[in-house]
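Dear colleague,

Please find below the structure I am handing over to you. My notes on it follow directly after.

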Amino acid sequence: MRAVLTVIGKDKVGIVAGVSQSLTTLNINIVDMTQTIMQDYFTMMMILDMDKQTSFDYIRQELDKTGQQLGVKISIQNEEIFNTMHKLG
């Protein structure tokens with residue numbers, strides 16, 4: 001299963017490393033990634049490949065913990081749902 005992950009927050013050292021480490025612990029592969037810093041704000045979007053058997057609620061809870069530790073907001077959605085919600089036209 002593929003998922004879309006977004007991270008938004010005040011820029012500081014260690015955000016990419018912290019999020020990547022959490023994904024490694026959860027056995028989730030990063031397929032694609034983009035990030036930018038706009039003034040003092042960090043934004044990142046990732047496409048992830050993950051096991052269908054893994055509980056999405058559990059992953060969301062673990063990423064919420066990571067977000068709290070890093071001081072950022074982490075959101076994750078199933079890629080199909082994300083695409084449906086963001087179709088143009």
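Lys-65 and Glu-62 are 3 residues apart in helix α2, which means that about one helical turn separates them. Their side chains form a salt bridge, in which the closest N and O atoms are 3.1 Å apart. Please bear in mind that this is a predicted model. Lys-65 is partly exposed, its relative accessible area being 46%. Glu-62 is also partly exposed, with a value of 22%; because the cut-off for a buried residue is under 20%, Glu-62 does not count as buried.

A second pair is found in this helix, which spans residues 56-70. Asp-57 and Arg-60 are joined by a salt bridge, with 3.8 Å between the closest N and O atoms. These two residues again lie 3 apart, about one turn of helix α2. As to their surroundings, Asp-57 is exposed, at a relative accessible area of 52%, while Arg-60 is partly exposed, at 32%. The label for Asp-57 follows from the cut-off, because exposed means over 50%.

In total, the count of salt bridges comes to 3. The one still to be described links Lys-10 and Asp-40, whose side chains meet at 3.8 Å, N to O. Which parts of the chain does this pair tie together? Lys-10 belongs to strand β1 (residues 2-10), whereas Asp-40 sits in the loop between β2 and β3, so the contact connects parts that are 30 residues apart in sequence. Both partners are partly exposed: Lys-10 has a relative accessible area of 45%, and Asp-40 has one of 47%.

The loop that holds Asp-40 leads to the last topic, the hairpin of β2 and β3. Strand β2 covers residues 29-38 and strand β3 covers residues 41-49. The two strands pair in the antiparallel sense, over 9 bridges. Within this pairing, Asp-32 stands opposite Ile-47 of β3. The hairpin has 2 residues between its strands, and Gln-39 takes a positive phi there, near 55 degrees.

To summarise, helix α2 holds the pair Asp-57 and Arg-60 as well as the pair Lys-65 and Glu-62. The salt bridge of Lys-10 and Asp-40, for its part, ties strand β1 to the loop between β2 and β3.

With kind regards

Conventions:
Residues are numbered from 1 along each chain as its sequence is written. This is a predicted model: local features need pLDDT of at least 70, side-chain atom pairs count only at pLDDT 80 or more; totals for chains, interfaces and linings use all residues. Side-chain values use heavy atoms; hydrogens and water are left out. Two strands pair if DSSP finds at least two bridges between them. Helices (H or I, at least four residues) and strands (E, at least two) are DSSP runs, numbered from the N terminus. A salt bridge is a side-chain nitrogen of Lys or Arg within 4 Å of a carboxyl oxygen of Asp or Glu. Buried means under 20% relative accessible area, exposed over 50%, partly exposed in between (1.4 Å probe, protein chains only).
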